[in-house]
Amino acid sequence: MLWRKFGNVRKIKFCQWCGGPAKHEIPDGEEKIRAICTLCGKIAYQNPKMVVGCLIEHDRKILLCKRNIEPSLGLWTLPAGYLEIGESAAEGAIRETWEEAGAEVEVISPFAQLDIPLIGQTYVIFLAKLKKPQFSPGPESSECCLFEVDDIPFDSLAFSSIFVTLNLYIEDVKSGKVKFHYGTINKRLGTGPSDIRAFTLDYHLQV
């Protein structure tokens, strides 16, 4: 598709190294349009960002956080955020859980990897358990709450990735076996983060 070929490359106007103006064309030996500095000649490559988080089980309930920031202000999500340089995916998920839910957790196993090509993100979600039965909202959360599976607020979830993750978890619980899932969430063009049902789940693999 055309949008996949161009992506957001045309938003890059200046070189991140020398500040020179950028041109947009296909470099020799490549297939995609890139932002190329007209002064130093360096090419700006855009790579997906990794979002890491925890699906926390406690007393057969799931811990969710209500977002206190945009996007999706006031909607529910799993504690998750961008992986930082110098930490593993599991370490990042534990950190994000502490920052957003004030909860100390132990990672049990990876649960899902969900790629979202349209927005250049990959979600890695871990199953985890509370080390202590204590949690409280951090600055990016207005509320944290444990939900029975049947009471999860699916109409008030923040993102498609969380919608998919929780549905996969519920299916696994009902089947009696929690698996590892991989899939690609293809969002419909023109939809926003809160349009959580505007997607297809493709290449779904489970182990």
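User: Which elements do the buried residues of helix α2 pack against?

Analyst: Happy to start there, with the reminder that this is a predicted model. The buried residues of α2 pack against strands β4, β5, β7, β8 (105-116), β9 and β10 (141-148). The buried residues themselves are Gly92, Ala93, Arg95, Glu96, Thr97, Glu100 and Ala101, and each is called buried because its relative accessible area is under 20%.

User: How do you know that the length of α2 agrees with what a helix should span?

Analyst: Let's set the two values side by side. Helix α2 covers residues 89-101, which makes 13 residues, and at 1.5 Å a residue the expected span is 18 Å. The expected value uses one less than the number of residues. The C-alpha atoms at the ends of α2 are 18 Å apart, so the helix agrees with the expectation. Just after α2 comes glycine 102, which has a positive phi near 55 degrees.

User: What makes strand β4 largely enclosed by the rest of the structure?

Analyst: The count of buried residues does. Strand β4 (residues 49-58) has 10 residues and seven of them are buried, so the strand is largely enclosed.

User: Which strands does β4 pair with, and how do you know that they are paired?

Analyst: Pairing needs at least two bridges between two strands. With β9 (residues 121-130), β4 has nine bridges, and these two strands run parallel. With β7 (residues 80-82) there are three bridges, and the strands run antiparallel. With β5 (residues 61-67) there are two bridges, again antiparallel. Since at least two bridges are required, β5 meets the cut-off with its two bridges to β4. You can find the partners by residue: valine 51 is bridged to tyrosine 123 in β9, glycine 53 to alanine 80 in β7, and glutamate 57 stands opposite isoleucine 62 in β5.

User: What is unusual about the phi of aspartate 59, and is the residue buried or exposed?

Analyst: Aspartate 59 has a positive phi of about 50 degrees although it is not a glycine. The residue sits in the loop between β4 and β5, in a hairpin with two residues between the strands. Its relative accessibility is 59%, and the cut-off for exposed is over 50%, so aspartate 59 counts as exposed.

User: Why is serine 72 called buried?

Analyst: Serine 72 has a relative accessible area of 5%, and buried means under 20%, so it qualifies. Serine 72 lies in the loop between β5 and β6 and has a positive phi of about 65 degrees although it is not a glycine. Proline 71 is found in that loop too, and the peptide bond from glutamate 70 to proline 71 is cis, with omega near -5 degrees.

User: Which residues have the most contacts inside the largest nonpolar core?

Analyst: They are Leu55, Leu64, Leu78, Leu157 and Leu166, in a core of 31 residues. Elements giving two or more residues to this core are β4, β5, β8, β9 and α3 (160-175). The largest share, seven residues, comes from α3. Leucine 78 touches, among others, Cys54, Leu55, Ile125, Ile162 and Leu166, leaving out residues up to four places away in sequence. Apart from this core lies another, of 14 residues, including Val52, Ile56, Leu63 and Leu130.

User: Why is the pair of tryptophan 76 and phenylalanine 147 called edge-to-face?

Analyst: The structure holds four aromatic pairs. In this one, the ring centres are 5.0 Å apart, within the 6.5 Å needed for a pair, and the planes stand at 85 degrees, over the cut-off of 60, so the pair is edge-to-face. Tryptophan 76 lies in β6 (residues 76-77) and phenylalanine 147 in β10, so the pair ties together parts that are 71 residues apart in sequence. Both residues are buried.

User: What makes phenylalanine 163 and phenylalanine 199 an edge-to-face pair?

Analyst: The reasoning is similar. Their ring centres lie 6.1 Å apart, within 6.5 Å, and their planes are at 75 degrees, over 60, so this pair is edge-to-face. Phenylalanine 163 is in helix α3 and phenylalanine 199 in strand β12 (residues 199-206), 36 residues apart. Phenylalanine 163 and phenylalanine 199 are buried, and with Phe154 they form one aromatic cluster.

Technical notes:
Residues are numbered from 1 along each chain as its sequence is written. This is a predicted model: local features need pLDDT of at least 70, side-chain atom pairs count only at pLDDT 80 or more; totals for chains, interfaces and linings use all residues. Side-chain values use heavy atoms; hydrogens and water are left out. Buried means under 20% relative accessible area, exposed over 50%, partly exposed in between (1.4 Å probe, protein chains only). Helices (H or I, at least four residues) and strands (E, at least two) are DSSP runs, numbered from the N terminus. Contact means heavy atoms within 4.5 Å. A nonpolar core is a set of buried Ala, Val, Leu, Ile, Met, Phe, Trp, Tyr and Cys residues joined through side-chain atoms within 4.5 Å. Rings of Phe, Tyr and Trp (its six-membered ring) pair if their centres lie within 6.5 Å; planes under 30 degrees apart count as stacked, over 60 as edge-to-face and the rest as tilted.
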